[in-house]
Amino acid sequence: MTAPNKFVIGIAAYDGVDLMDIAAPYELFNWMASLESEYNPGAPVREVRVYSLDGSRVITRDKLTIGADLPALTAPGPDSTDKIDLLWIPGGDPMRLEQLMLDEKAMDLLYEVGNAAQYTASVCEGAMLAAASGLLDGHCATTHWAFLPCLGLFPSITVAPGYPRYVIDGNRITGGGISSGIDEVLAIIALLSNDNVAGAVQLMVQYNPQPPFHQGDPSQATPPVYTPGENSTCSIPGMAATIDRVITARESRRA
């Protein structure tokens, strides 16, 4: 269990990760940690940490290097006093996602950490990692709009209709495309603490979106717009085959 009066939020980073999928939760959850005592006395101490699936540093999809001494994501031991209470799984480069999805050791680790946590959340294509690990089995979920048909290839997952910014289903929380993480984190802060804390964080970062364009998802965008494959098929190169291999391998291990 986590040490008394401490709540650890762990962000799982890897080479090819989307920068904003890490930066948004890191920034907003840290503001929560800073502001919460004023609005929610008695709340646990919130600690936000970045863990690595790829060594002591990771390189984001847009080639920014993060860290030089990042701790490795590790499974909680039976006597652990510092386990992750909320696991956040970011999205990233599709080719890197496919590599990780086929890495049984990495997926087993992700499942162990997420299953032991009070909450597991993903944003954007991070849902593909959560799905491949088994963390989303039996849950309703969403992801980046272009990956929705791919997520639907997992038979134990219900894909939320439309293009929601986030979906909360029990202790599993999933977000849409990259910017959805801001809305998702604010909703999680309200869930963990209260609406006043979430509102204070929103005010502090002055999050009052008024986009100059209305092209935020396929329901708003005007042609030409990329659509996720004919007849809602998974059209991300190689992803459908990767998912098939993941499902087959999982079934073999359970047999």
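Let me begin with a term: a residue is called buried when its relative accessible area is under 20%, exposed when that area is over 50%, and partly exposed in between, using a 1.4 Å probe and protein chains only. What we have here is a predicted model, in which local features need pLDDT of at least 70 and side-chain atom pairs count only at pLDDT 80 or more, while totals for chains, interfaces and linings use all residues. Residues are numbered from 1 along each chain as its sequence is written, and side-chain values use heavy atoms, with hydrogens and water left out.

I start with two residues that share a backbone feature. Gln206 is not a glycine and yet has a positive phi of about 50°, and Cys124, also not a glycine, has a positive phi of about 55°. Are these two buried or exposed? Gln206 counts as exposed, because its relative accessibility is 70%, whereas Cys124, at 0% relative accessibility, counts as buried. Gln206 is found in the loop between helix 7 and helix 8 (239–254), and Cys124 lies in the loop between strand 6 and helix 4; helices here are DSSP runs of H or I with at least four residues, strands are runs of E with at least two, and both are numbered from the N terminus.

Now to the surroundings of Cys124. On one side of that loop is strand 6 (residues 119–122), which includes Ser122, a residue that counts as buried because its relative accessibility is 1%. If we leave aside neighbours within four places in sequence, Ser122 is in contact, meaning heavy atoms within 4.5 Å, with Ile89, Ala127, Ile173, Thr174, Gly175 and Glu184.

On the other side is helix 4 (residues 126–133), where eight of the eight residues are buried, so this helix is largely enclosed by the rest of the structure. Helix 4 is followed by Gly134, with a positive phi near 100°.

How is helix 4 placed against helix 2? The axes of helix 2 (residues 94–101) and helix 4 come within 10 Å and cross at roughly 15°, where axes are lines fitted to C-alpha atoms, for helices over the stretch in contact, and angles run from 0 to 180 degrees between N-to-C directions. That makes helix 2 roughly parallel to helix 4, on a scale where angles under 35 degrees count as roughly parallel, over 145 as roughly antiparallel, 65 to 115 as roughly perpendicular and the rest as oblique. Leu97, Leu100 and Met101 of helix 2 make the contact with Met128, Leu129 and Ala132 of helix 4.

Several of these names return in the largest nonpolar core, which has 73 residues, and where those with the most contacts include Met101, Met128 and Leu129; such a core is a set of buried Ala, Val, Leu, Ile, Met, Phe, Trp, Tyr and Cys residues joined through side-chain atoms within 4.5 Å. Not counting residues up to four places away in sequence, Leu129 touches Tyr14, Ile89, Pro90, Leu97, Leu100, Met101, Met107 and Leu110.

The second helix pair involves helix 1 (residues 19–39) and helix 7 (residues 195–204), whose axes come within 9 Å and cross at roughly 125°. That makes helix 1 oblique to helix 7. The contact is made by Leu28, Trp31, Met32, Leu35, Glu36 and Tyr39 of helix 1, together with Asn196, Val197, Ala200, Val201 and Met204 of helix 7.
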